[in-house]
Amino acid sequence: MKPITLGGFERTFADDPDPWRTFSDHDEAIKREAILHALGPGPHGRVLELAAGNGSNSRALAARALRLDATEATASGTRLVAKAIHARTPRARAIRLAVPGHFPRVRYDTIVIAELLYYLSPPAMERTARDVARILRPGGTLVLAHHRIDFHDFAQHAADLQRAFLASTGRVWRVRVARRTGRWVVLACR
């Protein structure tokens with residue numbers, strides 16, 4: 001595996017606003033529904049989405065959030081997220097943020113992390129896990145949605161990565177599988 005860099009993600013989004021067909025692919029739509037199922041019907045208070053990509057999940061999350069901070073590490077991606085959630089502003093906002101980093105608020109009711117963890121180095125993932133545990137309110141929901149198979153541009157192997165992330169938070173979690181396929185799994189963690 002040769003990990004993709006932020007520059008690589010920047011070029012990818014600059015070249016194609018939907019490089020993984022997250023707005024149009026049927027499997028991506030099923031995964032998005034699983035994320036929403038893990039989230040529950042709402043409305044949810046303050047929601048943080050890390051690595052929002054092009055905003056394909058952000059649009060659906062914004063409909064259930066009283067406040068959504070959809071973060072993305074690249075300038076191109078942040079513009080795409082802002083466009084995707086435009087109808088939901090000012091309740092939803094796109095924020096440029098690379099993790100680990102300083103989060104926009106000190107406390108969130110819900111945090112959604114999809115398709116991010118395997119792009120982080122182990123130390124960056126561990127720090128992000130501790131930061132997430134610190135800002136998620138007690139009793140809040142953490143939704144994790146990641147592939148179970150490896151791709152060539154990952155920094156870490158996908159298998160058991162979500163479990164390793166949860167262990168790195170230092171918290172004890174009640175984990176429910178919202179949906180699992182041969183390719184990906186979505187977890188609701190409280």
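## Strands E1 and E2 and their sheet

In this predicted model, strand E1 and strand E2, the latter covering residues 65-72, run parallel and are joined by five bridges. His44 has Ala65 of E2 standing opposite.

These two strands belong to an open sheet of seven strands, whose order is E3-E2-E1-E4-E5-E7-E6 and whose pairing is mixed. At the edges stand strand E3 (92-96) and E6, and because each has a single partner strand, one side of each is left without a neighbour in the sheet. When direction is ignored, neighbouring strands of this sheet are turned against each other by 15° on average.

## Salt bridges in helix H5

The structure holds ten salt bridges, and two of them can be followed along helix H5, where Asp131 takes part in both. With Arg127, the side chain of Asp131 meets in a salt bridge at 3.8 Å from N to O. Arg127 and Asp131 lie four residues apart in helix H5 (residues 122-135), which means that about one helical turn separates them. The side chain of Asp131 also meets that of Arg134 in a salt bridge, here at 3.4 Å from N to O. Asp131 and Arg134 are three residues apart in helix H5, so they too are separated by about one helical turn.

How buried or exposed are Arg127 and Asp131? Arg127 has a relative accessible area of 41% and is therefore partly exposed, whereas Asp131 is buried, because its relative accessible area of 10% falls under the 20% limit used for that word.

## The largest pocket

The largest pocket holds about 870 Å³ of space. Its lining is made up of 39 residues, and the closest of these to the centre of the pocket are Phe9, Trp20, Ala114, Glu115 and Tyr119. Glu115 also appears in another setting, since a network of salt bridges links Glu28, Lys31 and Glu115.

Which elements each supply at least two residues of this lining? They are helix H1 (6-15), helix H2 (26-39), strand E1 (44-50) and helix H3 (56-62), and among the contributors H2 gives the most, with four residues. Sorted by class, the lining of the largest pocket has 21 nonpolar, eight polar and ten charged residues.

## The second largest pocket

The second largest pocket has a volume of about 260 Å³. It is lined by 15 residues, of which Asp160, Gln162, Arg163, Arg180 and Val185 are the closest to its centre. Two of these residues, Asp160 and Arg163, form a salt bridge with each other, and their closest N and O atoms are 2.4 Å apart. Asp160 is exposed, and Arg163 is exposed as well.

At least two residues of the lining of the second largest pocket come from each of strand E5 (136-147), helix H6 (161-168), strand E6 (175-180) and strand E7 (184-189). H6 supplies the largest share of this lining, namely four residues. By class, the residues that line the second largest pocket divide into eight nonpolar, three polar and four charged.

## Looking back at the strands

Several strands of the sheet can now be placed beside the pockets: E1, which is joined to E2 by five bridges, supplies at least two residues to the lining of the largest pocket, while E5, E6 and E7 each supply at least two to that of the second largest pocket. In the order of the sheet, E5, E7 and E6 follow one another at one end.

Notes
Residues are numbered from 1 along each chain as its sequence is written. This is a predicted model: local features need pLDDT of at least 70, side-chain atom pairs count only at pLDDT 80 or more; totals for chains, interfaces and linings use all residues. Side-chain values use heavy atoms; hydrogens and water are left out. A salt bridge is a side-chain nitrogen of Lys or Arg within 4 Å of a carboxyl oxygen of Asp or Glu. Buried means under 20% relative accessible area, exposed over 50%, partly exposed in between (1.4 Å probe, protein chains only). On a 1 Å grid over the protein atoms alone, a cavity is a set of points where a 1.4 Å probe fits but cannot get out, and a pocket is an open set with protein on both sides within 12 Å along at least five of seven lines; lining residues have an atom within 4 Å of a point. Grid points are joined across faces, edges and corners, and a volume is the space filled by probe spheres set on the points. Ala, Val, Leu, Ile, Met, Phe, Trp, Tyr, Cys and Pro count as nonpolar, Asp, Glu, Lys and Arg as charged, and the others, Gly among them, as polar. Two strands pair if DSSP finds at least two bridges between them. Axes are lines fitted to C-alpha atoms, for helices over the stretch in contact, and angles run from 0 to 180 degrees between N-to-C directions.
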